[in-house]
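Grab a pencil and open the viewer. Here are a few exercises on strands, helices and a ligand site, each with a worked solution.

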Amino acid sequence: MYTDNIYLGDCRDLIKTVTDNSIDLILSDIPYGISTEDWDIIHSNTNSGLLGASPAQEKAGKIFKKRGKPLNGWSEADKQIPLQYYEWVSSWVEDWLRVIKPGGSVFIFAGRRLAHRCICALEDKGFIYKDMLGWNKQKAAHRAQHISCVFDRRKDFKAAEEWEGWKVGNLRPVFEPILWFMKPYKIGGTLADNILDYKIGAFNENILERYNQKANNFFSIEAEAGDRGLHPTQKPLALMKLLIELTTKEGQRVLDPFAGSATTLVAAKQLNRHYIGFEKSKEYFDISVSRLKEQEAGYDSGRLSCV
Ligand SMILES: C[S@@+](CC[C@H](N)C(=O)[O-])C[C@H]1O[C@@H](n2cnc3c(N)ncnc32)[C@H](O)[C@@H]1O
């Protein structure tokens with residue numbers, strides 16, 4: 001498999017051609033399994049509060065699906081969703097362990113609701129779970145409903161008054177977890193030995209200043225205008241660059257098996273790292289190819305400015 005390329009297809013097949021111990025960093029924003037888009041439906045449950053077909057759900061259509069209706073807690077089918085997510089992660093993680101170098105890092109953007117299943121799946125297959133980093137997005141849509149409005153609509157004005165100011169739903173979701181794993185190094189060896197052998201396993205605190213961040217495990221980076229419009233879950237380029245610079249040196253190799261619009265790959269390219277990306281959607285693959293081509297010309301459409 002050639003580096004500095006993105007490949008169209010299922011990452012579970014494509015990764016089979018990647019050589020053992022050849023990748024320095026895996027940085028990936030994987031499907032969160034919360035059914036925000038068709039590619040994000042990781043379960044086989046068609047009879048749930050999440051993707052069911054009640055009259056209200058049918059009427060609301062895609063918007064309802066995108067909002068990810070809260071689970072009711074009583075449906076056996078709904079309860080299988082986290083377990084199926086765990087099984088899905090388990091289906092590809094062995095290859096991640098195989099291709100990454102000992103001491104190499106894996107950063108996974110995982111959703112708050114199912115991140116715990118992702119952690120267990122990687123741990124169960126042999127990764128060391130190092131830390132949960134936090135990304136403070138600073139801005140996020142807040143979807144919580146005034147419960148008094150529901151009672152008003154029912155003309156239950158007594159309940160509406162009693163519950164004035166109360167909401168159902170979640171607080172504003174400005175925090176996103178970034179799960180940090182490491183491939184174990186040689187039995188009986190030390191991390192210092194591993195760093196000398198494989199040139200990987202440490203982090204470079206000095207680069208954080210460039211991103212206006214402290215050496216804390218919580219990064220506040222807001223998406224800029226150029227970080228939107230190519231993919232529904234597009235990540236800020238600066239955040240991906242920070243994570244790459246934190247754990248790799250120039251010339252090392254970064255893999256993103258769920259590349260989307262190639263933000264990780266563009267970040268790697270701008271930092272003189274080699275990259276490999278996989279993406280199964282033709283639409284996002286095409287976007288990635290032209291975004292990477294524009295990089296060759298010194299221009300990134302994702303940032304809408306010359307680099
Ligand atoms: C969360 S998005 C990544 C978005 C990316 N961070 C960006 O900035 O554009 C995950 C991507 O994984 C892709 N995907 C899902 N399952 C896949 C699979 N089995 N193989 C390859 N790509 C897959 C989806 O099409 C989607 O574009």
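**Helices, sheet and ligand**

Helix α4 (residues 115–124) lies across three strands, β3, β4 (128–136) and β7 (175–182), and runs at about 5° to β7. Keep in mind that this is a predicted model.

**Exercise 1.** Work out the strand order of the open eight-stranded sheet, and say which strands stand at its edges.

*Solution.* Start by walking across the sheet: the order is β1-β10-β9-β2-β3-β7-β4-β8, and the pairing is mixed. Next, look at the ends: β1 (5–8) and β8 (218–220) each have a single partner strand, so each has one side without a neighbour in the sheet. Last, check the twist: ignoring direction, neighbouring strands are turned by 20° against each other on average.

**Exercise 2.** Find out how β9 is joined to β10, then see which helix packs on the sheet and touches β9.

*Solution.* First, count the bridges: β9 (residues 253–256) and β10 run parallel and are joined by four of them. Then pick out a pair: D256 has G277 in β10 as its bridge partner. Now for the helix: α3 (residues 76–99) packs on the sheet and touches β2 (23–29), β3 (100–109) and β9. The direction of α3 makes about 135° with that of β3.

**Exercise 3.** Describe the shell around the ligand: how many residues are in it, and which are closest?

*Solution.* Begin with the count, which is 19 residues, with D29, F258, G260, S261 and T263 the closest. Then sort by class: six are nonpolar, seven polar and six charged. Finally, trace the shell back to secondary structure: α1 (11–14) and β10 (274–279) each supply at least two of its residues.

How values were computed
Residues are numbered from 1 along each chain as its sequence is written. This is a predicted model: local features need pLDDT of at least 70, side-chain atom pairs count only at pLDDT 80 or more; totals for chains, interfaces and linings use all residues. A residue is near a molecule or strand if its C-beta atom, placed from the backbone, lies within 6 Å of it. Helices (H or I, at least four residues) and strands (E, at least two) are DSSP runs, numbered from the N terminus. Ala, Val, Leu, Ile, Met, Phe, Trp, Tyr, Cys and Pro count as nonpolar, Asp, Glu, Lys and Arg as charged, and the others, Gly among them, as polar. Two strands pair if DSSP finds at least two bridges between them. Axes are lines fitted to C-alpha atoms, for helices over the stretch in contact, and angles run from 0 to 180 degrees between N-to-C directions. Two residues are in contact if their C-beta atoms, placed from the backbone, lie within 7 Å.
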